[in-house]
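Me: Got a minute to go through this one with me? I'd like to start with how the helices pack.

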Amino acid sequence: MSWLSDEAISRLQAASALPDFGGTRYRLVDRVGSGGMGVVYLAEDSILGRRVALKVLDFPDASGELAARLLREAHILARLEHPGIVPVHDAGTLSDGCVFYAMKFVEGRRLDHLDVQKDTLFDRLRIFQRICDTVAFAHARGIIHRDLKPGNVMVGSFGEVLVMDWGVAKILSSAPKSHNQAVPAGNASTSIHSPTAAASETAHGEVLGTVGYMSPEQARGEIASLDTRSDIFSLGAVLQYLLTTLASTPPQPLSAIARKAMQADRESRYASAICLGQDIGSYLDGLPVSAYPENIFRKIARWASRYRVAIVLVLTYLIVRSLLLLWFRR
Amino acid sequence: MNKVVYGLILGGILGIFDGLTSWFTPEVRPQLLMIVVGSTIKGIIAGVLIGFFARKVHSLTLGVLFGLGVGLLLAFFIAHMQGKYYFEVMLPGGLVGLIVGYATQKYGNSGLSTPSRS
């Protein structure tokens, strides 16, 4: 009789900790990461022959509340069809009882892994505009994210920007009801059920989100009164992060935009993510931004910056022309 | 802004300055207004031609040479109408063409639908 080595035992332990994908169309490839609500695996869809990301709830969940929340996230993602939101392909329950959903596998890097030297201010602002577009779309569908932060934004290898992790999102309106129907779970053994009302709403006083990125009202646990302006605060904090991680000092109009978005009084923030994105667009186009009042000197400086190439060319002409005049009059 | 419009605006602005510099030549000062109008039109024509060239040909060297050639040629016509001041008119004219040629190659959009930062 031979004893198993420590290495073999640890391998067996690791394998037994993995969810059981037997009987499903998915073949486990790798463990990608974990979040507050589950573990994300890279898997291969054996029927379609493509790689997918599987978010699996593999924590003990006696009350079933976490499972309901994970399925609710899948429902929310399914109703948000947008280029900035990762599409859901499938959802269900594995044979070992773990709830999961399958989504597009996004290759890229998280926004909090930016390259200080390589990612210019222009690149960062373009990414931020795309985040604002996505969040504005979700708000239009009556959904607030509630956990916007650089770690929840993926920048794909082809420049696509995806807002991830809608696990603590809040549904403000009851638009498209059809998505709350039971969803077939592919080859999984059972189908999933609609999230219960209890699971779809966070209890008043409960604090969900990330410190430093959540709005003051969210941090106080005022869940019932949260609205889209809470996400505006978080967007401001994301912008602040993008500016403070620059190699150089951020321009004052952009700092003013971040400050306006992060006002403690939500009435003083931007009215919508669209307005916030528009102010960023104005800055990029060399136009005045609403958050940054300009005196005459600032206006001149902005105008000179916007038309600097033309100004340099005209000045070059004038200098050379003056030299020619002096030469002719010799 | 597309290259043709970019060339037109820049050529026009430089044309105005080009005309205004004739103030420094006392003998032509009385015709200053006519000179400014003429050199502005010359600058606009040069700018449009150079802008069209830049849309078709993407080469800084060829763009600058084409700009220089157009500027010199148009200035030659102006000087020829007066029958004198060839050097004084053609040299700044060539300079305008050269700058517009450089600018339209470096900046502005080739197409009409692509947005631009410049």
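Reply: Sure. One definition before we start: helix axes are lines fitted to C-alpha atoms over the stretch in contact, and angles run from 0 to 180 degrees between N-to-C directions. Also keep in mind that this is a predicted model.

Me: OK. At what angle do α10 of chain A and α1 of chain B pack?

Reply: About 30 degrees, with the axes 11 Å apart; α10 covers residues 308-328 of chain A and α1 covers residues 3-20 of chain B. Angles under 35 degrees count as roughly parallel, so α10(A) is roughly parallel to α1(B). Their crossing is right-handed.

Me: Which residues make the contact?

Reply: From α10(A) you have A:A310, A:L313, A:V314, A:Y317 and A:L318, and from α1(B) there are B:L10, B:I13, B:L14 and B:F17. By class, that contact has 9 nonpolar residues, no polar and no charged.

Me: And how many residues are in contact between the two chains overall?

Reply: 12 residues of chain A are in contact with 15 of chain B. The chain A side has 10 nonpolar residues, 1 polar and 1 charged.

Me: Let's switch to α3 of chain B. How far does that helix reach?

Reply: α3(B) runs over residues 60-82, so 23 residues, and spans 33 Å from its first C-alpha to its last, close to the 33 Å expected at 1.5 Å a residue. Just after α3(B), B:G83 has a positive phi of about 80 degrees.

Me: Which residues of α3(B) are buried, and what covers them?

Reply: The buried ones are B:G63, B:V64, B:F66, B:G67, B:L68, B:V70, B:G71, B:L74 and B:A75. Their cover includes α2 (32-56) and α4 (86-106) of chain B.

Me: How do α2(B) and α3(B) pack?

Reply: At about 150 degrees, with their axes 10 Å apart. Over 145 counts as roughly antiparallel, and that is why α2(B) and α3(B) are described as roughly antiparallel to each other. Residues in the contact include B:I45, B:L49 and B:F53 of α2(B) and B:F66, B:V70 and B:L74 of α3(B). The whole contact divides into 10 nonpolar, 4 polar and 1 charged.

Me: Last thing: where is A:G286?

Reply: A:G286 is in the loop between α8 (273-284) and α9 (296-306) of chain A. Leaving out residues up to four places away in sequence, A:G286 touches A:R302, A:S305 and A:R306.

Me: How would you class its exposure?

Reply: A:G286 is partly exposed, because 15 other C-beta atoms lie within 10 Å, while buried takes 20 or more and exposed 12 or fewer.

Definitions and conventions:
Residues are numbered from 1 along each chain as its sequence is written. Chains are lettered from A and ligands numbered from 1 in the order in which they are written. This is a predicted model: local features need pLDDT of at least 70, side-chain atom pairs count only at pLDDT 80 or more; totals for chains, interfaces and linings use all residues. Two residues are in contact if their C-beta atoms, placed from the backbone, lie within 7 Å. Ala, Val, Leu, Ile, Met, Phe, Trp, Tyr, Cys and Pro count as nonpolar, Asp, Glu, Lys and Arg as charged, and the others, Gly among them, as polar. Helices (H or I, at least four residues) and strands (E, at least two) are DSSP runs, numbered from the N terminus. Angles under 35 degrees count as roughly parallel, over 145 as roughly antiparallel, 65 to 115 as roughly perpendicular and the rest as oblique. A crossing is left-handed if the near helix is turned anticlockwise from the far one by less than a right angle, and right-handed if clockwise.
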